[in-house]
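Please look through the structure shown below before reading on. The report that follows describes how its parts are arranged.

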Amino acid sequence: MSLRVFLVDDHAMFRAGVRAELGAHVDVVGEASTVAEAVSRIAATTPDVVLLDVHMPDGGGRAVLEAMRKSHPQVRFLALSVSDAAEDVIGLIRAGARGYVTKTISPDELAAAIRRVAEGDAVFSPRLAGFVLDAFAARPDAPVADPELDQLTNREREVLRLLARGYAYKEIAKELFISIKTVETHVSNVLRKLQMSNRYELSRWAADRRLV
Amino acid sequence: MIDTARQPRRLFRARDHRVVAGVASGLARHLRVSPLAVRAAFVILLGFNGLGLMLYAGFWAVLPYERVTGEPRRRDVAQLVPFIAIGVGLILLQVLVLGENAGVTGTAGWLVAIVAVGAGIIWHESTPERRRQWTEALPRFPWLGTFLEESDRRLFLFRFIGGGLLVAVGVIGMVAVYVPAENSEAVVNGMLFAGLGLAGVAVVAAPVLWRTMSLLRAEREGRIRETERAELAAMVHDQVLHTLALIQRNADDVKAVQRLARGQERSLRNWLYKPTASPTERFAAALEEAAAEVEDTYAIAVEVVVVGDRETDERVAALVMAAREALVNAARHAGVATVSLYAEVEEDQLSVFVRDRGAGFDMESVEENRHGVRGSILGRMSRHGGRAEIRSELGDGTEVRLFLPMDRDVVTSGRER
């Protein structure tokens with residue numbers, strides 16, 4: 001059974017290109033060019049994975065995510081954007097996207113990323129890992145808040161470092177003498193913390209960089 | 001998002017939630033306090049020789065109306081009643097408690113307040129904006145609008161004269177109150193009058209100055225926007241259009257097209273998202289510059305991730321040079337399209353990792369006379385008190401790891417820039 005994928009992008013040329021490149025790997029079940037269209041058609045088709053453009057008129061990918069997340073939790077979102085600016089990446093992940101890739105990605109890598117997202121894993125580009133490390137970077141002046149919730153574990157940080165260094169999941173597993181499954185668990189934990197529990201750190205980080 | 005955050009809060013008279021002219025609710029919104037508190041303050045200040053009324057008239061004359069789209073809401077007249085009651089009560093109280101003496105100064109205060117109101121009316125009616133708002137505020141009575149429009153000159157004169165009358169009554173009243181005093185106080189009173197006269201002139205002149213300033217400011221903001229747009233247009237023209245033209249001309253040469261597109265993408269990205277930092281001063285900027293050079297020279301993509309940042313010095317520059325050499329080696333020998341560069345600024349050390357998934361090589365088989373790895377990477381790092389590790393497996397790619405220990409106190413992270 002092939003994966004059912006939905007495309008959201010305001011550029012018809014780009015949608016056509018993705019459809020052509022991905023056609024062999026997945027089943028593209030629908031397309032939308034606006035936020036409103038995306039919300040109604042995703043609800044109607046219930047795909048496995050939605051490829052979501054970040055910058056669109058009327059609020060962009062974030063608006064789609066916020067509209068769909070409550071009503072359709074089983075639909076997974078992979079953000080696909082030209083921008084790899086920190087505020088876009090972190091914003092989409094915080095809104096509930098399971099991964100973030102840039103439009104320079106190769107078709108094979110994109111197909112692999114879609115599959116990973118569909119299986120429930122997070123897709124972290126090295127750049128995204130770098131942002132997260134930056135956000136959670138230990139600072140001597142930072143007040144010790146709730147260490148259990150608010151900090152990444154050493155192991156998670158180690159996994160992120162290797163991701164940022166360009167390692168694939170299986171290479172990380174080999175390097176740290178753990179199983180691929182464990183690596184995936186660590187990465188998912190990072191994503192969970194990024195979304196849920198680190199409001200304080202992240203908002204501070206964002207405020208410091210004038211992202212909000 | 002950022003734009004609105006940086007926009008200074010301007011003080012307007014509010015159109016909605018207004019009781020009389022929107023001064024109190026406008027002020028309240030600006031100061032982020034309850035409108036009720038501001039109104040109460042005005043009413044209480046009324047007790048001090050009508051100061052509240054003067055202030056209100058002053059604000060009314062000076063502040064522009066908030067620009068709101070849509071139908072302006074009706075004023076809430078019911079709210080007015082308690083404030084009037086409290087105000088009258090306060091004044092009565094003042095007269096009762098302070099007795100005879102308060103009668104004179106109190107009257108003077110009220111006269112000044114009348115002068116202020118008169119001046120306010122004059123200033124208010126002399127702007128065409130105000131008349132337009134009148135017609136806007138009465139959508140159900142278009143005939144009234146045309147009446148106002150047609151007779152605006154007469155109306156203007158009428159109001160001007162009315163305001164002038166108020167001012168005159170105020171001044172005459174004050175003179176009448178103070179002239180009988182034929183002692184040393186007369187001198188003080190004279191000075192007081194001079195001061196009041198000046199204040200009157202100021203009240204009359206200030207709105208003109210203020211409005212002119214507002215106009216100038218709006219114009220300057222417009223000019224700044226125009227300049228930004230022109231800069232963007234120039235950038236797009238100089239870089240993007242030229243690159244696109246070159247790409248069209250070199251459409252057959254895949255490598256050249258990729259190199260052009262990548263260079264253009266990078267410069268656009270930097271222009272859009274990156275804060276500008278000098279590569280001679282900051283570690284991250286220096287690394288990114290080195291990566292950009294390698295990208296352009298060898299037509300490969302370098303995926304740069306830098307966590308944290310700090311000032312550069314001689315040793316950090318050496319680390320950047322070693323990283324650059326590692327990138328060049330990967331570009332020349334690994335035979336891949338992408339190399340990743342990861343750098344992290346930690347409290348006690350800087351680390352840089354350069355990784356490719358290319359051919360790999362065997363350290364043992366590198367000839368003695370090749371200086372790239374030994375001199376530029378290993379040797380350079382050890383000379384500056386750092387160390388370098390090279391891990392390479394044939395067919396499985398290469399990773400160069402560079403470490404440079406740092407003193408704690410000189411490390412700064414990127415966010416403190």
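In this predicted model, the buried residues of helix H5 of chain A pack against E1, helix H1 (12-22), E3, E4 and E5 of chain A. These buried residues are Leu110(A), Ala111(A), Ala113(A), Ile114(A) and Val117(A), and because they fall within an arc of 160° when seen down the axis of H5(A), they line one face of the helix. H5(A) itself covers residues 107-118, twelve in number, and reaches 16 Å from its first C-alpha to its last, which is close to the 16 Å expected at 1.5 Å a residue. Just after H5(A) comes Gly120(A), whose phi is positive, at about 100°.

The strands named above belong to an open sheet of five strands in chain A, ordered E2-E1-E3-E4-E5 and paired in the parallel sense. At its edges lie strand E2 (27-32) and strand E5 (99-102) of chain A, each of which pairs on one side only. From one strand to the next, the twist averages 25°. Helix H4 (residues 86-95) of chain A packs on this sheet, where it touches strand E3 (49-53), strand E4 (76-81) and E5 of chain A, and its direction makes about 150° with that of E5(A).

The table sets out three of the strand pairings, with a pair of opposite residues for each.

| Strand pair | Sense | Bridges | Opposite residues |
|---|---|---|---|
| E1(A) and E2(A) | parallel | five bridges | Leu7(A) and Glu31(A) |
| E3(A) and E4(A) | parallel | five bridges | Leu51(A) and Leu78(A) |
| E4(A) and E5(A) | parallel | four bridges | Leu80(A) and Val101(A) |

Strand E4(A) appears twice in the table, pairing with E3(A) and with E5(A). Is E4(A) mostly covered or mostly uncovered? Five of the six residues of E4(A) are buried, and the strand is therefore described as mostly covered, buried meaning under 20% relative accessible area.

The connections on either side of E4(A) can be followed along the chain. From E3(A) the chain crosses through helix H3 (residues 60-69) of chain A to E4(A), and this β-α-β crossover is right-handed. E4(A), H4(A) and E5(A) likewise make a right-handed β-α-β unit, and H4(A) is the helix that packs on the sheet with contacts to E3, E4 and E5 of chain A. Taken with the packing of the buried residues of H5(A), which also reach E3, E4 and E5 of chain A, these contacts show which helices meet this part of the sheet.

Notes. Residues are numbered from 1 along each chain as its sequence is written. Chains are lettered from A and ligands numbered from 1 in the order in which they are written. This is a predicted model: local features need pLDDT of at least 70, side-chain atom pairs count only at pLDDT 80 or more; totals for chains, interfaces and linings use all residues. Side-chain values use heavy atoms; hydrogens and water are left out. Two strands pair if DSSP finds at least two bridges between them. Helices (H or I, at least four residues) and strands (E, at least two) are DSSP runs, numbered from the N terminus. Axes are lines fitted to C-alpha atoms, for helices over the stretch in contact, and angles run from 0 to 180 degrees between N-to-C directions. Contact means heavy atoms within 4.5 Å. Buried means under 20% relative accessible area, exposed over 50%, partly exposed in between (1.4 Å probe, protein chains only). A crossover is right-handed if, with the strands pointing away from the viewer, the path from the first strand over the helix to the second runs clockwise. The expected span of a helix is 1.5 Å times one less than its number of residues. The arc is that of the directions from the helix axis to the C-beta atoms.
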